[in-house]
Amino acid sequence: MKSIVITGGAGFIGNHVVRLFVNKYPDYHIICLDALTYAGNLANLSDVEDKPNYEFVKMDICDFEGVHHLLKDRQVEGIIHLAAESHVDRSIRDPFAFAQTNVMGTLSLLQAAKLYWESLPERYEGKRFYHISTDEVYGALELTRPDGEAPYGDDFFLETTKYNPHSPYSASKASSDHFVRAFHDTYGMPTIVTNCSNNYGPYQFPEKLIPLFINNIRHRKPLPVYGKGENVRDWLYVEDHARAIDLIYHKGKTAETYNIGGFNEWKNIDIIKVVIATVDRLLGRPEGADLDLITYVTDRAGHDLRYAIDSTKLKTELGWEPSLQFEEGIEKTVRWYLEHEEWMDNITSGEYEKYYDSMYKNR
Ligand code: NAD
Ligand code: DAU
């Protein structure tokens, strides 16, 4: 049985990747390694927890000895690395946690894999270290068609775009990307890096724009729009990202970088209006009933204006394309959150509620 470790598997994107691999590959032993931080939730994986090819290990990726022992003990051949601190606003408040997990944690994982794989007679043959990164490492693009239809400019992030991260989060992800590539260039580790745009879909932690706003609309709470709501993001349904990860893990070329994106740019304020309209319709509220919840607040510090990914390379070389139109994806997403109130309420009560209030009281 091929053993694969998926780090951060109890988080938003990770649970979709774990579910896909566990269900699609009964011959693989899938190990979800997760420290269960505030963002990790085993309820996200309740439908696979009894599968014979699934194992959960609670571990911090910074625990070098623990990770090394696990890789050796389970004879791990592949690592898909998603574990990270992932929220930009938190990184502005507490950058240390981002350097610790995203940089030192990734280095610890790389070094543990190196030590184990280099101890084997076949060394790196048949092995793979796949690092999941973000489009934010490339920096920000301009709005050259600010009033036009999307896309909002002619330029896009390519795999060759120079790194220019602005937030502590993206700086930490950029640093981890460099370490991964350095392990290929220095030791010959078979690595792959992908940089993806904004994901949306079920099981996303409700500090991120779409689930936060769906929940606030449900409870008729204010919707804090940063600045003028004119920042642009490129949105991809999370299961399409998971499909891309599966494809790239199996067919991607070692040492390559692939961009993953939806060719689906939206200004924040426009996407927010779509979310309001969808929630209101599904809850049977009159059209436009909750538009007055929109509340413009102080902008995010260093707020990147526009992200837009060009994923042509992935399409041309491996044949991947997003499968869902945005209208379909957002409808599925809103429905999911409205039908999983208990999942949402378990997260948003107690400690998290206090955190959220403290985060927003000064805005
Ligand atoms: P998330 O915050 O929802 O989940 C992160 C997971 O990692 C959680 O389960 C958490 O418990 C775990 N984790 C955190 N620190 C850990 C540690 N030290 N040791 C072990 N586990 C730890 O994040 P997400 O949105 O699912 O993002 C997953 C990955 O994808 C991240 O690397 C992120 O940078 C990248 N990414 C995210 C997006 C997006 O839109 N969400 C887009 C592109 C790339
Ligand atoms: O681009 C990929 C990245 O997308 C990932 O690497 C990150 O892990 C992920 O969090 C996401 O980063 P963003 O900062 O783009 O996502 P967020 O959901 O936090 O914000 C989306 C946009 O909405 C952004 O322009 C900020 C704005 N926003 C966000 C929140 C939470 C608001 O206007 N109000 C809010 O309350």
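**Exercise 1.** How do the residues of the shell around ligand 2 divide into nonpolar, polar and charged?

*Solution.* The model is predicted, with local features needing pLDDT of at least 70 and side-chain atom pairs counting only at pLDDT 80 or more, while totals for chains, interfaces and linings use all residues. Residues are numbered from 1 along each chain as its sequence is written, chains are lettered from A and ligands numbered from 1 in the order in which they are written, and side-chain values use heavy atoms, with hydrogens and water left out.

Step 1. The classes are nonpolar (Ala, Val, Leu, Ile, Met, Phe, Trp, Tyr, Cys and Pro), charged (Asp, Glu, Lys and Arg) and polar (the others, Gly among them).

Step 2. The shell around ligand 2 holds eleven nonpolar, eight polar and six charged residues.

Step 3. There are 25 residues around ligand 2 (a heavy atom within 4 Å of the molecule). The nearest are T134, D135, Y169, R300 and H303.

**Exercise 2.** State which polar side-chain atoms of D135 and Y169 approach ligand 2, and at what distance.

*Solution.* Step 1. A polar contact is a pair of N or O atoms within 3.5 Å; within protein, one must be able to donate a hydrogen and the other to accept it, and residues adjacent in sequence count only if both atoms are side-chain atoms.

Step 2. A polar side-chain atom of D135 is 2.5 Å from an oxygen atom of ligand 2. For Y169, a polar side-chain atom lies 2.6 Å from an oxygen atom of ligand 2.

**Exercise 3.** Describe the contacts of E55.

*Solution.* Step 1. E55 is placed in strand β3 (residues 54–58); strands (E, at least two residues) and helices (H or I, at least four) are DSSP runs, numbered from the N terminus.

Step 2. Leaving aside residues up to four places away in sequence, E55 touches H29, I30, I31, C32 and R74 (heavy atoms within 4.5 Å).

Step 3. The side chains of E55 and R74 are joined by a polar contact of 2.5 Å.

**Exercise 4.** Identify the residues through which helices α6 and α11 meet, and their classes.

*Solution.* Step 1. From α6, the residues are P211, N215 and R218; from α11, they are E341, M344, D345 and T348.

Step 2. By class, this contact of α6 with α11 has two nonpolar, two polar and three charged residues.

**Exercise 5.** Which residues are closest to ligand 1?

*Solution.* Step 1. Ligand 1 is surrounded by 28 residues, and the closest are I13, D34, S86, Y169 and K173.

Step 2. A polar backbone atom of I13 is 2.8 Å from an oxygen atom of ligand 1.

Step 3. Strand β5 (128–134) gives the most to this shell, with three residues.
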